[in-house]
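Hi everyone, thanks for making room for me today. I'd like to walk you through one model and how a few of its helices sit against each other. Let me put it on the screen.

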Amino acid sequence: MLSLHAAHAPRPAHQPPRIGLAIAGGGPVGAMYELGALRALDEACDGLDLTRLDSYVGVSSGAFFAAGLANGMDTATLCRIFITGDDPDVRFRPETFLRPALGEYLARAAALPRLTARLLRDAWSGRTDSRWSDLLTRAGSLVPTGLFDNDAVERFLREVFTRHGRSNDFRTLGRPLYVIGVDLDSGETVRFGAAGWDDVPISRAVQASAALPGLYPPVELRDRRGRVRHVVDGALRRTMHASMVLDRGIDLMLGINPLVPFNPATDAGAQAEAHRFSDRRIAQGGLPGVLSQTLRTMLQSRMQVGLARYPQQYPGIDQLVFEPNAGDRELFYTNIFSFSARRRISQLAYRNTLADLRRRRAQLEPLLARHGIRLREDVIADRPRSIVAHLPHARRATATTARLARTLDDLEHDLRRRMV
C-alpha cells in the first residue's frame with residue numbers, strides 16, 4: 001500500500017535532488033519486509049541510489065538498514081547477508097539475536113534473597129498488613145527487563161561497520177544518519193547522530209533503538225554530561241520519525257513502515273473466507289495475536305497522524321510511504337519475532353512494492369521525474385519476479401579492494417551528476 005503526497009507548492013529541485021529515507025521498526029519480520037521493499041525500489045527506480053541519499057533516519061529494526069545504506073552497503077549486499085546467507089564477508093546467524101540474557105537473569109535472581117529477607121522481617125515485626133499489598137510490586141523487580149541479550153547484536157553490527165572502509169562513527173559518515181531511541185527514565189527522544197549524541201558508536205545506537213521492552217534489556221549509556229541514560233526502542237515515541245529528514249529541506253521523502261493492522265475485509269479476492277480471519281479469530285488466537293494487532297493499530301494510528309500533518313508542514317516536499325496491504329494474512333500470522341520466514345516475507349514485500357509502483361505509475365512517473373528518477377518497465381511489469389533470482393553474484397573483497405571500488409563508484413557518481 002502506497003501513500004503518496006505530492007508537494008502542494010513544488011520548489012525548484014536541488015541539483016542533484018535531495019532525497020531522504022525514513023524506515024520504521026517492526027521486529028525481525030518487519031525488518032525482512034523493509035528489506036524486500038528497499039530491494040524493489042532499488043531495482044525498479046533508475047536514477048535512485050539508496051546508498052547516496054541526502055539523509056537517513058531509522059527506528060528499531062529500520063535502524064539496521066538505514067545504517068547499512070548510509071555506510072554504502074547496497075540492497076543486494078543486505079539481501080545476501082539477511083536472506084540468502086551467502087555473502088562472502090558477513091555471516092548472519094539468527095541465533096545471535098535470540099541468545100538468552102543470562103546476565104540479566106542472574107542479576108535479578110541475586111536480588112531474591114534480599115527481597116525474601118525483607119518480607120520475613122516485615123512479617124516478624126507485624127507489619128505485613130501494610131506490606132502484603134505491595135508484594136506484587138516488589139516481586140516485579142525480580143522479572144528480567146528483557147528475554148534476549150542485545151550485546152551480541154551490538155558486536156555483530158560493530159564488526160560489520162568496521163570492515164571494508166565502513167564507519168561505526170556518525171561523524172565520519174559521508175551523509176547524515178539518525179538513529180532514534182527513547183530515554184526510559186524521562187520518556188524523551190534520543191536522536192543518535194544529532195548534536196550531543198553523535199559520539200555514540202553507530203552499532204551501540206542501533207542496539208539501543210532496537211531494545212524493544214520485554215524482548216531486550218534497555219541499553220545503558222552516558223550522555224556528554226556524564227549522566228546515565230537507559231535507552232529503549234525509538235518507536236515508543238513515534239513510528240517513523242520522518243521529520244528528522246524532512247527538516248533538512250529535502251525534495252523527496254521515501255518512507256517504509258512494515259506494520260499495519262490486519263483487516264481481511266480489504267482483500268477483495270477473499271471475501272468468502274473473511275469470517276475465518278475476523279477479529280474474533282484474532283481474539284481466539286490468544287494474547288500474542290491480540291498484542292500484535294494492538295501494537296500494529298497504535299503504530300498505524302500515529303503514522304496516519306504524521307502523514308496527515310506533513311503535507312501542510314512541508315508543502316514543498318514530495319512524500320512516498322510504502323506499507324504492507326492490510327489484508328496480508330501471511331504477514332500478520334507470521335510470528336513477528338521469527339527469522340525462519342525471512343525469505344518468504346521479503347518476497348512478499350518485494351512483490352507488494354513492485355505492484356504499488358505499477359498501479360500508481362501514472363501519478364508516480366511525473367513526480368519521480370522531477371527528481372531524476374525513472375521507473376523501469378522491465379522490473380515493474382506484471383509478471384512473477386523473485387527477489388533472490390535477480391541478485392548479482394557476490395565477490396569476495398579485501399579491505400583495500402572494497403575501499404578502491406567505493407572510491408571509483410563515488411567518482412563515477414560525481415561525474416554523472418555534473419553531466420546532468
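**Helix packing and an annotated site**

Let's start with helix α1, residues 27-44, whose axis comes within 8 Å of the axis of α2, the two crossing at roughly 40 degrees. On the α1 side, the contact is made by Gly27, Ala31, Met32, Glu34, Leu35 and Leu38. Facing them from α2 are Ser61, Gly62, Phe65 and Leu69. If you sort that α1 and α2 contact by class, you get 6 nonpolar, 3 polar and 1 charged residues.

I should say right away that this is a predicted model. The mean pLDDT of the protein chain is 82, with 79% of its residues at 70 or more. Which elements mark the two ends of that range? Strand β4, residues 55-59, has the highest mean pLDDT, 97, and helix α6, residues 128-131, the lowest, 50. Please also keep an eye on residues 268-279, where the pLDDT is below 50. That stretch has 11 contacts in the model beyond near neighbours in sequence.

Now back to α2, residues 61-70, because it has another partner: it packs with α9, residues 202-209, at an angle of about 160 degrees, and their axes are 8 Å apart. So α2 and α9 run roughly antiparallel to each other, and their crossing is right-handed. Who meets whom here? Ala63, Phe64 and Ala67 come from α2, while Ile202, Val206 and Ser209 come from α9. By class, this α2 and α9 contact has 5 nonpolar residues, 1 polar and no charged ones.

Last stop, the annotation. An unreviewed UniProt entry gives "active site" for Ser60 and Asp233. They span 174 residues in sequence, yet no two of their C-alpha atoms are more than 5.8 Å apart, so they gather at one spot. As for Ser60, you'll find it in the loop between β4 and α2.

That's my tour, thanks for listening!

Terms used: Residues numbered from 1 in each chain as written. Predicted model: local features only at pLDDT ≥ 70, side-chain atom pairs only at ≥ 80, totals over all residues. Heavy atoms only, no water. Axes fitted to C-alpha atoms, helices over the stretch in contact; angles between N-to-C directions. Helix = DSSP H or I, 4+ residues; strand = E, 2+ residues; numbered from the N terminus. Parallel < 35°, antiparallel > 145°, perpendicular 65-115°, else oblique. Left-handed = near helix turned anticlockwise from the far one by under 90°. Contact = heavy atoms within 4.5 Å. Nonpolar A, V, L, I, M, F, W, Y, C, P; charged D, E, K, R; others polar. pLDDT = per-residue confidence, 0-100. UniProt positions renumbered as here; feature names shortened; annotations may be inferred.
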